[in-house]
Amino acid sequence: MISAARPDVASATARLRALLGDRLHEPADPAFAATTQLWNGAVDRSPALVARCLDADEVAGVLRVAARCHLPVSVRSGGHDWAGRALRDGGVVLDVTGLRAVRVDADTATVTVGGGVTAAGLLAAARPYDLVVPTGAVGNVGMAGLTLAGGYGPLCGRFGLSLDSLLGAEVVLADGRRVTADPHHDAELYWALRGGGGNVGVVTELRFRAHRLPAVLAGMIMFPLAEGSAVLRGYGALLAEAPDELTVMAGFLPGPAGEPVIFVCPFYSGPDLAAGQPWMDRLRALGTPLVDQITPMPYADALRMFDGGMVDGNHYLLRTRWLPALSDGAVDTLVDAARWVSSPYSAVALHHFHGAATRVGLTDTAFGLRTEHILTEIIAVWAPGEQADPHRAWAERTSAALAPLALPGGYPNLLGPTETDRVRLAYGPNWARLRHAKRRYDSRDLLTAVPTLPPAGPET
């Protein structure tokens, strides 16, 4: 294992300087702070080096040097993993944010992106062709990190998770070898990449199946917290009837005056947007809307609804639960969480997993849950300088209250670094195969990404 030998930072620095020149950053360099700054200001890590790479050959070179010098590696792409796993204490940060190329092939309906491309960057390039790829709900999240561990999003019902549209990837393995992973080339690696996170290699390029979608019927409806129980119960009932074309987020977030409000955020992606209007009317009728902003718009524009919600530099702690349905007990817990929220910045988001995403075989990809469910995202947020304890306690209390109502495991992209038991449960019957893939492709544990897997030792 990498940690068993003495790290040789001086030798790694010399070798990487020869490879990258001024794109290698040491802690004393002016650019070091900027290249280690993440979305979550609560992350406090001290990497030894940052290696900014511009192509797959440089990525391979960095991995070889890191292995030779016994330094662990983390990969920085979008930088939106809340736990800060893009940075490892004493390690080499392999920064792939410079791999930003996007190629759209309208004839084959495919989009190929570099490992540093964000959802917004992909959608902007595909927009002139009326093509989309399933993304998460936030445009500045990196497509690689999102896709490799799952990719819940507003198009889940119609097109599945982001990983369900992944046709193949170019990968640099821990030993520096460059390989292609797709159904015809290293199919086992291709399987592991779709849900297993970035633990088996560094993805420098992803090729997606794109889907024609000129516009969606989408927007935001907000209700007063006093109507929260009725709105969420009605939302849960509506989900049971929703067609593939309709995926609806819900939860609570800060309202216009900073007070917590209940929201529903529908995305109707059918070919006839008018067919989505009755569903919008049903959502409006769940309560007395404070805000009602539903309109046809390009999918990329709809994602901008959440751009200002999570501010870079604030401090974040996330907890997550998989709910089989929105039971009365879950509704009561969520409304209480909103009522007793510790910060005006905090929120809870509910993501509906249904439709096309449920029709993928459980063992066809590494992703470990294919039955209909609701992903609950508990987001504690506080300003720098505030005491963290009240906000952490609020998130932990909410998560604990939902635990008896939840399915085992949880979404690996949101689980914390110490929640390895829940990571194992999250993969269910795919766990042993994924662990075998980890040992096969990175037996020395050079890479630890999202989700965090235990070391690649004997299978347990």
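The legends below describe close-up views of a predicted model.

**View 1. The five-stranded open sheet, with strand order β5-β6-β10-β8-β9.**
The pairing in this sheet is antiparallel, and the twist from one strand to the next averages 10 degrees. At the edges stand β5 (102–105) and β9 (178–181), each of which has a single partner strand, so one side of each is left without a neighbour in the sheet. Strand β5 is joined by four bridges to strand β6 (residues 110–114), the two running antiparallel, and within this pairing V102 has V113 of β6 as its bridge partner. Strand β6 is in turn joined to β10 by five bridges, again with the strands running antiparallel, and here T110 stands opposite R209 of β10. Between β8 and β10, which also run antiparallel, there are six bridges, and the bridge partner of G168 in β10 is R207.

**View 2. Helices α4 and α7 packed on the five-stranded sheet.**
Helix α4 (residues 119–126) touches β5, β6 and β10 (202–209) as it packs on the sheet, and the direction of α4 makes about 40 degrees with that of β5. Helix α7 packs on the sheet through β8 (166–172), β9 and β10, and the direction of α7 makes about 100 degrees with that of β8. Strand β10 is thus touched by α4 and by α7.

**View 3. The crossing of helices α7 and α14.**
Two packed helices are described by the angle between their axes and the distance between the axes. For helix α7 (residues 187–196) and helix α14 (residues 431–441), the axes come within 10 Å and cross at roughly 115 degrees, and α7 passes α14 in a left-handed crossing. On the α7 side the contact is made by E188, L189, W191, A192 and G196, while α14 contributes R433, L434, A437, R440 and Y441. Sorted by class, the residues in this contact comprise six nonpolar, one polar and three charged.

**View 4. Surroundings of Y441 in helix α14.**
Y441 has a relative accessible area of 7%, which means that this residue counts as buried. Leaving aside residues up to four places away in sequence, Y441 touches L173, A174, D186, E188, L189 and V200; among them, E188 and L189 also belong to the α7 side of the contact with α14. Although Y441 and A174 are 267 residues apart in sequence, their C-alpha atoms are 7.0 Å apart in space.

**View 5. The four-stranded open sheet, with strand order β1-β2-β4-β3, and two helices lying across its strands.**
The pairing in this sheet is mixed, and the edge strands, β1 (24–25) and β3 (73–76), each pair on one side only. Strand β1 pairs with strand β2 (residues 49–52) in the antiparallel sense over two bridges, and H25 stands opposite V50 in β2. Helix α1 (residues 9–20) lies across β1, β2 and β4 (92–95), running at about 20 degrees to β2, whereas helix α3 (residues 56–68) lies across β2, β3 and β4, running at about 170 degrees to β4.

**View 6. Aromatic pairs around F367.**
A pair of aromatic rings is described by the distance of the centres and the angle of the planes. A search of the whole structure finds ten aromatic pairs, one of which is formed by W322 and F367, an edge-to-face pair at 6.4 Å centre to centre with 65 degrees between the planes. Because W322 lies in strand β16 (residues 315–323) and F367 in the loop between β17 (347–353) and β18 (373–382), this pair ties together parts that are 45 residues apart in sequence. Both W322 and F367 are buried. The rings of F353 and F367 have their centres 6.2 Å apart and their planes at 15 degrees, so this pair is stacked; F353 lies in strand β17 and F367 in the loop between β17 and β18, 14 residues apart. F353, like F367, is buried. Ring pairs link Y152, W322, F353, F367 and Y411 into a cluster.

Note on methods. Residues are numbered from 1 along each chain as its sequence is written. This is a predicted model: local features need pLDDT of at least 70, side-chain atom pairs count only at pLDDT 80 or more; totals for chains, interfaces and linings use all residues. Side-chain values use heavy atoms; hydrogens and water are left out. Axes are lines fitted to C-alpha atoms, for helices over the stretch in contact, and angles run from 0 to 180 degrees between N-to-C directions. A crossing is left-handed if the near helix is turned anticlockwise from the far one by less than a right angle, and right-handed if clockwise. Contact means heavy atoms within 4.5 Å. Ala, Val, Leu, Ile, Met, Phe, Trp, Tyr, Cys and Pro count as nonpolar, Asp, Glu, Lys and Arg as charged, and the others, Gly among them, as polar. Two strands pair if DSSP finds at least two bridges between them. Rings of Phe, Tyr and Trp (its six-membered ring) pair if their centres lie within 6.5 Å; planes under 30 degrees apart count as stacked, over 60 as edge-to-face and the rest as tilted. Buried means under 20% relative accessible area, exposed over 50%, partly exposed in between (1.4 Å probe, protein chains only).
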